[in-house]
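Me: Please take a close look at the charged side-chain pairs in this protein, and tell me how each of them is placed. I would like one connected account, as I would write it in a notebook.

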Amino acid sequence: MTVHALYRDDFYLSTAEAVVTAIHEDGGIELDQTCFYATSGGQPGDTGFLERGDGSRIMLGQTKHGPIKDIIIHVPLENQPLPIVGEKLVLHIDWARRYKLMRMHTACHLLSVVCPYPITGAAVGEDESRVDFDMGETIDKDEVTAKMMALVKENHPVFVRWITDGELIANPGIVKSKNVRPPMGLGRVSLVCIGEDSAIDSQPCGGTHVSETQEVGAIHIAKIEKKGKENRRFRIRFGVPTNEN
């Protein structure tokens, strides 16, 4: 059954009510709507818990997509009780973890602004993220850090604009990734925009992000690794650079 993915319209929604629509043989739980982000596009799915009517909790280890994007499966940790179809639950995501991922994902977008090269891979993490670029020349990581932090401190707005699948197909130049397929198939595509009137950046992305760049906080490029003749891996971490980086 398709689900109403509430996070697509509100990245800051940390709790919601839902009804169980299906239970899989492996214990996976489907709901009529959810604020839990499902693993996609390099961003991990949300964790947290489902609260039952009696106040007991079903702890979740991951959230993932089913065979299609319109199916989202909430996977409990081992030895957790299971609800029944039709049961009403209150959803609670691990907000501290989600917010770090939102900040990190936004930081990855800022890096793609500072380094305008085709993206060959990316992975968003709670404490470190990586973005791989198709580039052969060397670049100074401290200079990249300074440019990213300038964008953070300028506090540009970050927002989503929706376009149709057809509009994206007609404008392939807005896709920065070489290997990752944009979030299509739902009839509409979310563009993550940075700056007034998207002056800083605009690119297709189905992940979650903060609403203004200053929320990203202090970030830096810890390492730039050579991964082939024309591939460079940038590692982003929170905080200021240290001698250990």
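Reply: In this predicted model, Arg235 has a relative accessible area of 18% and therefore counts as buried, since the limit for that class is under 20%. Its salt-bridge partner Glu128 has a relative accessibility of 28% and is therefore classed as partly exposed. The closest N and O atoms of Arg235 and Glu128 are 2.9 Å apart. Arg235 belongs to strand S15 (residues 232-238) and Glu128 to strand S10, so this salt bridge ties together parts of the chain that are 107 residues apart in sequence.

A further pair is formed by Lys141 and Asp142, whose side chains meet in a salt bridge at 3.9 Å, N to O. Both of these residues are partly exposed, Lys141 at 26% relative accessibility and Asp142 at 44%. Returning to Arg235 and Glu128, salt bridges with shared partners join these two residues with Glu225 and Arg237 into one network.

The count of salt bridges comes to 11, and one of them pairs Asp127 with Lys100, the closest N and O atoms being 2.5 Å apart. This pair also links distant parts of the chain, for Lys100 sits in helix H1 (residues 95-114), while Asp127 lies in the loop between strand S9 (119-123) and strand S10 (128-133), 27 residues away. Asp127 is partly exposed at 48% relative accessibility, and Lys100 is likewise partly exposed, at 25%.

The domains give these pairs a wider setting. The protein chain is divided into domain 1 (2-92) and domain 2 (96-236), and the C-alpha centres of the two lie 27 Å apart. Between them, 15 residues of domain 1 are in contact with 20 residues of domain 2. The area buried between the domains is about 1,500 Å², of which carbon and sulfur atoms give 51%. On the side of domain 1, Phe11, Tyr12 and Gln43 supply 43% of the area buried against domain 2, more than any other three residues.

Across this interface one salt bridge is found. Arg98 and Asp46 also meet through their side chains in a salt bridge, with 2.8 Å from N to O. Nine residue pairs are in polar contact between domain 1 and domain 2, and the side of domain 1 that touches domain 2 is made up of six nonpolar, four polar and five charged residues.

Conventions: Residues are numbered from 1 along each chain as its sequence is written. This is a predicted model: local features need pLDDT of at least 70, side-chain atom pairs count only at pLDDT 80 or more; totals for chains, interfaces and linings use all residues. Side-chain values use heavy atoms; hydrogens and water are left out. Domain bounds come from an automatic or database domain assignment. Contact means heavy atoms within 4.5 Å. Buried area is the accessible area (1.4 Å probe) that two parts lose on being put together, summed over both. A salt bridge is a side-chain nitrogen of Lys or Arg within 4 Å of a carboxyl oxygen of Asp or Glu. A polar contact is a pair of N or O atoms within 3.5 Å; within protein, one must be able to donate a hydrogen and the other to accept it, and residues adjacent in sequence count only if both atoms are side-chain atoms. Ala, Val, Leu, Ile, Met, Phe, Trp, Tyr, Cys and Pro count as nonpolar, Asp, Glu, Lys and Arg as charged, and the others, Gly among them, as polar. Helices (H or I, at least four residues) and strands (E, at least two) are DSSP runs, numbered from the N terminus. Buried means under 20% relative accessible area, exposed over 50%, partly exposed in between (1.4 Å probe, protein chains only).
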